[in-house]
Amino acid sequence: MKSIKQSFSVPYEYRLHFTAGLFNESNTLFNEILCEYNKSEKVKLFFVLDDGVLKHHPNLLDSITNYCQVNSASMQYTNSIIVPGGEQSKNNSKYVDEIIKGVSVNAICRHSFVIAIGGGAVIDMAGYAAAIAHRGVKLIRIPTTTLSQNDSAVGVKNSVNALGKKNFLGTFAPPYAIINDSEFLKTLEQRDWIAGIAEAVKVSLIKDETFFKYIEDNATKLEERLNKPMQHVIYKCAEMHMEHIAQGGDPFESGSSRPLDFGHWAAHKLEQMTSYSLRHGEAVAKGIALDVTYATQMGLVSEGELSRILNTMQRIGFDLEIPVYTEKEIDILLAGIEEFREHLGGELTITLISGIGKKHDVHYIDITVMKKAIKILNEMCKINAA
């Protein structure tokens, strides 16, 4: 028998930029990014916009076309399409098809750019479409929510939902760049303002006790929409996510451990069970609260640490009650554990914590204890609400 073996490595690099008023004529950042990519020719641009963003920023499209016109020496605006915000953009394949058609009709090649502007779901969906058109056209992400600016848009994943499963279809395709524009955050509904903080709580609990202390100390300021602490939380959370992708040894998740999915087995299932009426960040907050309550019951986390964590999230504004009230609903939720294993493949690996800032992976969940944890958490939520 004969065989041929070959190996190769490909370096990836992308940048996360922070700015305000990206498409103001006086802001040179977007033009500089495109000039850095190609100094000698115009770069063709095709925009995908979240309709929720346009609702709150009705002049955005005019600002984009004007900006491209002012900088026409380096960029060529081709067209824009508007898609629904939220999970509905990931639940219907027609939006991916519309982007692919736009790529074709506007002759967007592998040296052109799809520019995705919106919340995490639109960024995910548009990134997936860009990754499969021509086997991958260039992508710039412009996330517009706290969650997408500190978490979902800063990674290398793109996805849509299919067959009733969250993120069942997807790709690993790093963007060319991500641009966080703080102006977009000013018009967010309160629930969207705080939703992304769940991801910061998550990463602090598994990696950095000092960062959790900052969130704890500034919980009320975050709830009151103070910009300075929010910008710090977004920057630190994004930095830690990007460091994990680069230094964690498994950027494309070929293994079974995914610490950044702490709290997510329950979150994904709760989103599905509520027909995505729960925001992803809201579901993640509930999932974190449940897993920390379970970890306390298993002797990994002290009652004092549990109290600190739950109190911090509640002061930020999170409702931590798990919305399952019958044995049937509880069983449906717990089926999410096996679905999580199937999504990962291989051995079940659930990330918990053994203290604030201390990641602890387990390969088995005691279902009886988890059911108890649901009831304990919901009882604590009722007491705190009273």
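**Reading burial, cores and a pocket**

Modeller: In this predicted model, eight of the ten residues of helix H13 (residues 264-273) are buried, so the rest of the structure largely encloses this helix.

Colleague: Which residues of H13 are the buried ones?

Modeller: They are His264, Trp265, Ala266, Ala267, His268, Lys269, Leu270 and Glu271. Just after H13, Ser275 has a positive phi of about 55°.

Colleague: How should I read a nonpolar core, and which residues touch the most other members of the largest one here?

Modeller: In soluble globular proteins, nonpolar side chains tend to be buried together. Here the largest nonpolar core has 66 residues, and Leu205, Trp265, Leu290, Met313 and Phe318 touch the most other members. Helix H14 (residues 280-297) gives the most to this core, with nine residues.

Colleague: What does Leu290 touch?

Modeller: Leaving aside residues up to four places away in sequence, Leu290 touches Trp265, Ala266, Ile322, Met370, Ala373, Ile374 and Leu377. A second, separate core holds 30 residues, including Val96, Val103, Ala133 and Ile245.

Colleague: How is empty space found, and what lines the second largest pocket?

Modeller: Rolling a probe the size of a water molecule over the atoms shows where empty space is left. The second largest pocket holds about 390 Å³ of space. Its lining has 19 residues, of which Gly136, Val137, Lys138, Ala173 and Pro174 lie nearest the centre. Helix H6 (120-132) and strand S5 (138-143) are the elements that give two or more residues to this lining, and H6 has the largest share, three residues.

Colleague: How many residues of that lining are nonpolar, polar and charged?

Modeller: Eleven are nonpolar, four polar and four charged.

Methods: Residues numbered from 1 in each chain as written. Predicted model: local features only at pLDDT ≥ 70, side-chain atom pairs only at ≥ 80, totals over all residues. Heavy atoms only, no water. Core = buried A, V, L, I, M, F, W, Y, C linked by side-chain atoms within 4.5 Å. Buried < 20%, exposed > 50% of the residue type's maximum accessible area, 1.4 Å probe, protein only. Helix = DSSP H or I, 4+ residues; strand = E, 2+ residues; numbered from the N terminus. Contact = heavy atoms within 4.5 Å. 1 Å grid on protein atoms, 1.4 Å probe; cavity = no way out; pocket = protein on both sides within 12 Å on 5 of 7 lines; lining within 4 Å. Points joined across faces, edges and corners; volume = space filled by probe spheres on them. Nonpolar A, V, L, I, M, F, W, Y, C, P; charged D, E, K, R; others polar.
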